Amino acid sequence: KVLVPAQNLIPVPDALLTPYSPAQINQLIYLSISYGAILRGDFRPGSVVIVNGATGTLGSGTILIALAMGAARVVAVGRSADALKEIAALDKRVTTIELTGDVETDTKSISAAAASADFPRYEGGHLYIDAIGAANDGGSITACLRSLRRKGIAVFLGS
């Protein structure tokens, strides 16, 4: 059971629900969280977005929302090589980084992937979305934070 204020509920017409299963509809929750993170991060079309935890539900949702909203590039950071390959196939604007566990190496890889083609020495992302949840090791967070450009914005989803 869930208890929520009535003013927070919006009835959805049956015509919108008919072609979808409850499991499919449930995925909208993750997309709405990802959308909220993008908005909170003051996203602008043409931004470079770094997503840590890219292979999870929130991370992959964040990638899809950033692409749909006009990201110039999305740097998808994660540990699963197989899942990162699938994410890379989504769009040519997605660059994947498989974490090594070494903060310095990971920072260099993420920063290089986020660097502007026009200004390669002006490295770093505009926006960093951390979607890893409960982190056992802060190394990936540190590497992503170091990969933001000056005045870049970081948004954390539950870390």
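User: How many salt bridges does the count come to in this predicted model?
Analyst: The structure is a predicted model. Side chains of opposite charge can pair when their charged atoms come close. The test here is a side-chain nitrogen of Lys or Arg within 4 Å of a carboxyl oxygen of Asp or Glu. By this rule the number of salt bridges is 3.

User: Which residue meets the side chain of Asp42 in a salt bridge?
Analyst: Asp42 sits in the loop between α2 (22–40) and β1 (48–52). Its side chain comes to 2.9 Å, N to O, from that of its partner. The partner is Arg44.

User: Is Arg44 buried or exposed, or partly exposed?
Analyst: Buried needs under 20% relative accessible area, and exposed needs over 50%. Arg44 has 48% relative accessibility, so neither label applies. Asp42, across the salt bridge, has 41% and is partly exposed. Arg44 also counts as partly exposed.

User: What is unusual about the sign of phi at Asp42, and what is its value?
Analyst: Most residues other than glycine have a negative phi. Asp42 is not a glycine, but its phi is positive. The value is about 55°.

User: Which residue in strand β5 has a positive phi, near 65°?
Analyst: Strand β5 covers residues 148–156. The residue in question is not a glycine. With 76% relative accessibility, this residue counts as exposed. It is Lys151.

User: How far apart are the closest N and O atoms of Arg93 and Asp91?
Analyst: These two residues form a salt bridge. Arg93 is partly exposed at 25% relative accessibility. Asp91 is partly exposed at 22%. Their closest N and O atoms are apart by 2.9 Å.

User: Which helices does the salt bridge of Arg146 with Glu104 link?
Analyst: The closest N and O atoms of this pair are 2.7 Å apart. Arg146 and Glu104 are 42 residues apart, so the bridge links distant parts of the chain. Arg146 has a relative accessible area of 46% and is partly exposed. Glu104, also at 46%, is partly exposed. Glu104 lies in helix α5 and Arg146 in helix α6.

User: Why is α5 called parallel or oblique to α6?
Analyst: Helix α5 (residues 103–114) and helix α6 (residues 139–146) pack with their axes 8 Å apart. The angle between them is about 40°. Angles under 35 degrees would count as roughly parallel, and 65 to 115 as roughly perpendicular. The angle falls in neither range, so α5 is oblique to α6.

User: What is the handedness of the crossing of α5 and α6, and how many charged residues does their contact have?
Analyst: α5 passes α6 in a right-handed crossing. The α5 side of the contact includes Val103, Glu104 and Ile110, and the α6 side includes Ala143, Cys144 and Arg146. By class, the contact has 4 nonpolar and 4 polar residues. The crossing is right-handed, and the charged residues number 3.

User: Which residues of α5 and α6 does Val77 contact?
Analyst: Val77 lies in strand β2 (residues 73–78) and counts as buried at 0% relative accessibility. Beyond its neighbours within four places in sequence, its contacts include Ile50, Leu84 and Leu99. Two further contacts also take part in the packing of α5 with α6. They are Ile110 and Cys144.

Note on methods. Residues are numbered from 1 along each chain as its sequence is written. This is a predicted model: local features need pLDDT of at least 70, side-chain atom pairs count only at pLDDT 80 or more; totals for chains, interfaces and linings use all residues. Side-chain values use heavy atoms; hydrogens and water are left out. Axes are lines fitted to C-alpha atoms, for helices over the stretch in contact, and angles run from 0 to 180 degrees between N-to-C directions. Helices (H or I, at least four residues) and strands (E, at least two) are DSSP runs, numbered from the N terminus. Angles under 35 degrees count as roughly parallel, over 145 as roughly antiparallel, 65 to 115 as roughly perpendicular and the rest as oblique. A crossing is left-handed if the near helix is turned anticlockwise from the far one by less than a right angle, and right-handed if clockwise. Contact means heavy atoms within 4.5 Å. Ala, Val, Leu, Ile, Met, Phe, Trp, Tyr, Cys and Pro count as nonpolar, Asp, Glu, Lys and Arg as charged, and the others, Gly among them, as polar. Buried means under 20% relative accessible area, exposed over 50%, partly exposed in between (1.4 Å probe, protein chains only).
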